[in-house]
Structures are given as C-alpha cells and as structure tokens.
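Colleague: I'm new to this one, so could you walk me through it? Let's pull it up and go question by question.

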Amino acid sequence: MVNIEDLKREAKHLLDQGKVKYIIGYKKGTHGILAAPFFIKTPEEVDDLVWDPTCVHNLTRFLDDEKKKKARQKEPDQRPVGIIVKGCDSRAINVLLQEEFIKREDVYLIGISCENTGVLDEKKLAEKTNGRQVEKVEFAEEDNFVILTDEGKMEIPAREILAERCIECKTNTPVVKDVLFGEDIVRSVAGDFKSLEEIEALSGEERWAFWKKHLDKCIRCYACRSVCPMCYCEECVVDTINFAVTADTSAKEKAQKIKWIEKSPVLSENFVYHMVRAMHLAGRCVDCGECERVCPVDIPIRLLNKKMEKEAKELFDYDVGLDHDRPSLVASFRDEDPEDFIR
Amino acid sequence: MEKILTKQTFPQWIEKLKSYTIYAPVKDEGHWSYEILEDAASISPEYPNAVESPKKIIFPQREILFDFGSQENTGVAVNENLPAEQPTVIFGVRPCDAKALTLTDKVFSGDFEDPYYWKRRNAAVLVGLACNTPPSPNCFCLSVNGSPFSKEGLDVLLTDLGDAYFVEVLTEKGEQLVGAAGNLFSDTPDKTKSEVKKLRTEAEKKITRQVKDADRIPAKLKEIFDEPFWEDEALGCIRCGICTYLCPTCHCFDINDEVASNSPLKGKRVRTWDNCQFPDFTMHSSGHNPRPDKASRLRQRISHKYNYFVELYNEYQCTGCGRCIDKCPVGIDIIEVLNKVNEYGA
C-alpha cells in the first residue's frame with residue numbers, strides 16, 4: 001500500500017530542492033466525500049496532501065492552464081510542474097506527449113499505483129452508506145475500502161464501490177512516471193469493453209431512444225469538455241470566442257463566420273456537441289471517466305468514448321496512451337490499416 | 001389560513017387541479033427534476049431537491065422570442081412568441097428556490113418589465129415544501145436571511161407531519177388552489193402549531209454550514225478586488241458552467257438568431273441562458289476580453305451575488321441552496337470562499 005508519509009517526503013524534497021515549481025496533488029475537500037485538486041507551492045503546505053480512494057480527479061487537465069500561463073509570461077520559470085498521476089492519468093500524459101502538447105521535461109511525474117483497487121464512485125458509495133455522513137475513505141488490506149462515518153466504521157470490498165472505469169482498468173500502475181509509490185502490479189481484467197455490452201445489444205431504434213432521452217437533458221454546461229485533459233483546443237467548436245476578430249475584421253467577414261452549433265440546448269444541437277466531442281476523442285480518450293463523473297444531469301458520456309476506444313482497438317489494434325514514442329492514432333497511417341469502411 | 005391535508009387525500013387535491021399544468025419533482029434513474037406530472041400518485045415528499053431549480057420553468061434555458069421572415073413587397077414580418085398564460089402549479093418548491101424567484105423578479109422588472117418572464121411568472125402558483133431535513137449537506141440558507149421554513153415567494157407552504165401536511169395558504173393564488181378542493185382540507189388542531197415550530201427548530205439545527213458575518217462581505221469584496229486572492233481560489237476551476245447554470249438566482253442570458261444557412265432572412269430570435277464562467281461571455285467584438293481568466297470570472301460570480309446585487313437591491317443574490325457546492329467538479333466551495341474573503345488580510 002502507498003505510504004502517505006513517503007509521498008509527502010518526496011513532495012517536500014522536490015519543493016525544498018526547487019526541482020519543481022509547484023506540485024499538483026490532492027487535499028481533503030472542504031465538504032462532501034471527494035478530495036479536491038491541490039496546488040502546492042511550499043514545503044509547509046505538503047502536510048495537507050492526501051492520497052485515498054476519493055482522489056478521483058485527473059489532474060493532467062491542469063497542464064493546459066499551466067501551458068497557457070507560461071505562454072503569457074516573458075521569462076517563464078522553466079522548471080517542471082510536479083503532478084500526481086494514477087495509471088489512467090499517466091496515459092493522458094502519454095497522449096499529451098504524443099501530440100506534443102507538453103514536453104517530457106515540463107512535468108515531473110509522481111506516479112501512484114492503484115494496485116488492485118482504484119478510486120470510488122460517489123453514487124455507489126452513497127448507496128452503501130445510506131444517509132450516513134462519510135468522514136473519510138481509506139485503502140485497506142485485502143482490496144477493501146474502509147469508510148469512516150458519523151455512525152462508525154464500515155469495511156467494504158473495493159469492487160463494490162469502485163468507479164466503473166476502474167473495474168475495466170488494465171493500467172493500474174502508471175505507464176510513464178519519474179517516481180512510483182505503491183506496488184508495480186499488473187492485474188488481469190475480465191473481459192474488455194464489458195461496459196458496452198448492454199448498449200451494444202440494443203437495436204438501432206432502442207439506442208436512438210436511449211441517447212435521445214439522455215442528451216435531451218444536457219444543459220450544455222460543458223463540464224465534460226472542461227474537465228477533459230484532451231479538450232485543450234484553443235478554439236472549441238461550441239465557443240463563439242473562436243471567431244478571431246480583430247480591429248481589421250470587416251462586418252462582412254464577421255457575418256460569414258461559420259456558426260457550427262447553436263447555443264440552444266435542444267436535442268439536435270446537444271447531439272452535435274456530444275458527437276463532435278466523441279469523434280475528437282477517438283484514439284485519444286484514456287477513459288479517466290471524468291466527463292461522466294462531473295455531468296450534473298447524469299448523462300452516461302463515458303459510453304460514447306468507450307465505444308470509440310473499442311473501434312480504435314478493433315480496427316487498428318490501437319491502445320490509447322500506452323507508449324508516447326508511438327505515433328498517435330489519428331496522425332499515423334499503416335499499409336495494413338483497414339479501409340473497407342471508406343466508401 | 002392554516003389547514004391540514006392528509007397524505008391519503010393529497011392525490012384527490014391534485015385531481016381537482018385539472019385546469020393547471022402541474023410540475024413536481026420526479027425521480028428518474030436517481031436524478032431528480034421538475035417534470036410535468038402525469039400521475040398524481042408519483043408525487044413524493046421524500047425528495048431532497050431537484051438538480052435544477054424551478055427557475056427553468058419560469059425562465060426556460062431556451063425560448064423563442066419571435067419568428068421573422070422576409071416577404072416580397074411587405075418586407076420583414078415579425079411574429080411575437082409570448083408565452084401563453086397557462087395556469088401552472090409547481091409542487092415541492094424548496095424555500096430557497098422560491099426566494100430565488102423573488103430575486104429574479106427584481107431583475108426582470110423595474111425600468112423594463114420582461115413580458116416573457118412575467119407571463120409565466122404570473123401564471124405560476126408555487127407550492128412549497130418546508131425542509132424538515134436540509135436537502136443537501138451544503139445548505140446554508142440561514143446565513144443569507146433564509147430559512148428551511150421560509151414562506152417568501154411561496155403561495156402555499158406544506159410541512160410534512162408524517163401522515164399529513166400542515167398547509168399554510170399565503171396568497172390569493174394559494175387560496176384559489178386550496179379552494180379547488182376545499183372539502184379535503186380540515187382545520188388545524190391546536191397542537192399542530194407547536195409541532196411545526198418544533199420541526200422548524202430541529203431543521204435549523206441540522207443546517208451546519210455557515211457563512212460567517214455575511215453582512216461584512218460586500219464591503220470586503222470591494223476591498224480585495226485586485227488582490228491575488230482570486231487567482232489562488234480559482235486555481236482548481238475548470239471553467240465549466242455548472243455553478244451558474246444550476247444556480248436558482250443566476251439569470252444572465254444571450255440572444256441569437258437561429259437561421260438556416262440557405263435562408264438567412266427567415267428564422268427565430270432565441271434567448272438562451274448565458275454563463276459568466278465561459279470565456280466568451282465578456283468577449284468584445286474587438287477581440288478584447290475584459291475578463292480573460294478564470295480568476296476574474298470567479299471574482300465576478302462571487303461579487304455579483306454578494307456585492308453588486310446587494311448594492312442594487314439590498315439583498316444577497318444567493319439563497320444558500322448549496323447546488324454550486326454539491327456539483328462543482330473540483331470542490332470549489334462558495335461558503336469557504338466567502339469565509340476566506342472575510343478573513344483575508346485580517
């Protein structure tokens with residue numbers, strides 16, 4: 001098991017020695033169950049660092065902020081940012097490296113192995129605790145989670161409250177890192193893409209009804225996009241900000257800018273938004289599950305991305321984020337790539 | 001007027017309200033939302049609070065203001081699309097959400113009365129449900145002049161007494177609603193009042209989260225406008241729109257023309273909610289953006305609610321419902337931010 005004191009020692013050392021400019025990690029949230037992202041600038045702050053099954057966030061999303069900030073500075077601090085990465089997060093790092101969005105020397109990767117468990121699903125936990133107030137969740141022996149509530153301690157097999165993606169995860173140990181905490185374990189997972197079985201068994205009509213019902217709820221808060229480490233585009237199709245207007249842009253030019261999508265949260269536009277996002281994540285989504293976790297209206301967004309991941313696997317034998325030295329799926333061509341779907 | 005309605009007869013009351021469109025919180029796959037009620041029996045008092053407040057019924061996220069089209073000879077024809085004044089009852093409104101509508105009322109009245117808003121607002125009857133138990137661990141209505149039993153903005157307030165509701169009829173609209181099935185409502189026994197008072201005291205005790213010295217915040221916000229505080233607080237922000245879209249008091253909107261590319265002179269002028277947390281919210285056509293980063297946008301959200309609105313209307317534009325805290329993907333906590341504002345530099 002990961003010893004939090006070892007992790008803190010490393011974090012303090014990195015900051016003390018000035019090896020990183022700051023560390024992105026986790027702290028206890030001010031409310032509720034989940035941890036919160038934590039930006040640690042001084043060794044003194046390290047004491048508040050936590051690692052437990054509530055550390056669900058994919059912190060690599062914040063590298064976009066860092067990059068933008070750096071671009072605005074005249075003489076930016078060139079030291080790397082320390083960042084805590086779980087297995088899934090480390091695959092996001094690989095994708096960002098493949099796409100040259102970041103350079104390897106920009107980050108100091110503090111890898112943490114999820115070993116045989118992972119992080120929790122807040123809703124599954126709520127069902128188990130049934131109204132009791134959860135004060136803390138901890139890793140325990142025998143792949144259990146210990147839940148401290150206002151009515152005492154509960155020990156539950158982790159599997160029963162794990163985030164869905166963790167159940168299917170094969171990279172519980174980070175695939176790219178500078179240092180690793182926890183055991184380097186390779187675990188076997190029963191059946192790939194199990195989460196897709198139910199929806200794939202539906203007829204086209206049933207699937208349409210399923211997505212119609214869910215996407216109709218979308219309020220277009222864009223939390224799924226905003227939390228995604230892969231959604232780093234300077235210009236997102238849904239933002240009107242992408243119309244680069246300068247003092248010289250004529251009224252006619254402004255009028256002719258293409259509006260890809262209406263702001264109206266109606267089914268047609270919601271479909272466009274979610275389909276565009278799914279397509280743009282093909283071969284890039286690492287299934288960190290953040291988009292689905294943050295959705296305030298419970299749209300099962302992960303299914304869309306998981307389907308694209310499956311397509312990439314079946315058509316091109318491509319695994320996302322395993323190796324940053326390999327070209328990315330959408331930027332590579334091999335003679336043996338199938339083309340019978342191009343008509 | 002105070003009455004008692006047994007839960008057993010509650011569906012019979014609903015049956016008598018056939019001339020109204022009825023909204024109530026409905027649960028679908030763990031998700032609570034206000035929906036048009038198909039079946040009176042599906043009303044449940046056991047709900048926490050809906051993810052989206054009843055704001056979306058009175059002030060929908062999208063509405064067509066008018067259609068337009070060009071015609072030969074006559075020029076452009078415009079057809080206004082004012083909402084029909086369909087009598088509507090919203091059941092199960094939490095006191096914080098009812099109060100929120102009274103705040104939005106202020107915004108959509110004054111120098112310019114927004115007819116689209118008021119057509120729906122005037123036709124709506126709000127039946128509240130007192131919070132015997134705070135619906136969210138992040139409820140903090142007591143800090144912002146609210147209460148789990150507040151009647152502000154409601155036409156009727158129900159209090160769950162176990163097998164019956166204590167019914168407080170607060171307005172003329174409420175009287176009509178109760179009058180539609182007057183025989184179902186019985187007089188209140190003497191002991192009920194003390195029972196309700198006890199429930200209220202207990203409910204207030206259960207609200208543990210608190211903004212300290214909220215009255216000092218408006219002045220403090222002015223003081224720290226330029227401080228690096230905002231940058232630190234916003235570090236974890238991902239610039240999504242959850243906090244504002246779920247807020248029962250946020251009311252900013254955008255107006256766009258929706259036209260087909262082959263007929264730019266025929267289409268709809270549409271109003272949709274807008275969101276101060278999005279980068280394009282303050283984007284000027286020159287390309288300049290006065291709120292270019294998430295720090296300035298977080299500052300705007302907090303300052304609007306706890307300073308600018310107070311200056312304009314002498315009320316906080318926040319009713320302590322806790323939704324922005326419950327649903328923030330990265331744990332940004334308005335209570336914590338406000339308490340830090342108060343402590344900053346002290």
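Colleague: Where is the place of Asp298(A)?
Modeller: Keep in mind that this is a predicted model. Asp298(A) isn't a glycine, yet it has a positive phi of about 60 degrees. Its place is in the loop between helix H11 (290-294) and helix H12 (301-316) of chain A.

Colleague: Is Asp298(A) buried, partly exposed or exposed?
Modeller: Let's count neighbours: 15 other C-beta atoms lie within 10 Å of Asp298(A). Buried would take 20 or more, and exposed would take 12 or fewer. So Asp298(A) comes out as partly exposed.

Colleague: And Glu115(A), in which loop is it found?
Modeller: Here's another one with a positive phi in a residue other than glycine: for Glu115(A) the angle is near 50 degrees. Most residues other than glycine have a negative phi. Glu115(A) has 19 other C-beta atoms within 10 Å, so it counts as partly exposed. As for the loop, it's the one between strand S4 (107-112) and helix H4 (122-129) of chain A.

Colleague: How compact is chain A?
Modeller: Chain A comes to 12 helices and 8 strands. Its radius of gyration is 21 Å, close to the 20 Å that the globule rule gives for 343 residues, so chain A is as compact as a globular protein of that length.

Colleague: What percentage of the residues in chain A is buried?
Modeller: Picture the C-alpha atoms of chain A filling a box of roughly 60 × 55 × 45 Å along the principal axes. Among contacts in chain A with a separation of 6 or more, residues 24 or more positions apart account for 69%. Of the 343 residues in chain A, the buried ones make up 41%.

Colleague: Which helix gives the largest share of the largest nonpolar core?
Modeller: That core has 168 residues, and those touching the most other members include Ile83(A), Ala223(A), Ile90(B) and Val156(B). The largest share, 6 residues, comes from chain A's helix H3 (residues 87-98).

Colleague: Which valines does Val156(B) touch?
Modeller: Leave out residues up to four places away in sequence. Its contacts then include Gly128(B), Glu168(B), Leu170(B), Gly174(B) and Leu177(B). The valines on the list are Val127(B), Val167(B), Val169(B) and Val178(B).

Colleague: How many nonpolar residues are on the side of chain B that touches chain A?
Modeller: The contact takes 36 residues from chain B and 32 from chain A. On chain B's side, helix H9 (242-246), strand S11 (253-260), strand S12 (263-273) and helix H11 (323-327) each supply at least two residues. By class, that side has 12 polar, 9 charged and 15 nonpolar residues.

Terms used:
Residues are numbered from 1 along each chain as its sequence is written. Chains are lettered from A and ligands numbered from 1 in the order in which they are written. This is a predicted model: local features need pLDDT of at least 70, side-chain atom pairs count only at pLDDT 80 or more; totals for chains, interfaces and linings use all residues. A nonpolar core is a set of buried Ala, Val, Leu, Ile, Met, Phe, Trp, Tyr and Cys residues joined through C-beta atoms within 7 Å. Helices (H or I, at least four residues) and strands (E, at least two) are DSSP runs, numbered from the N terminus. Two residues are in contact if their C-beta atoms, placed from the backbone, lie within 7 Å. Ala, Val, Leu, Ile, Met, Phe, Trp, Tyr, Cys and Pro count as nonpolar, Asp, Glu, Lys and Arg as charged, and the others, Gly among them, as polar. The radius of gyration is taken over C-alpha atoms; the globule rule is 2.2 Å times the number of residues to the power 0.38.
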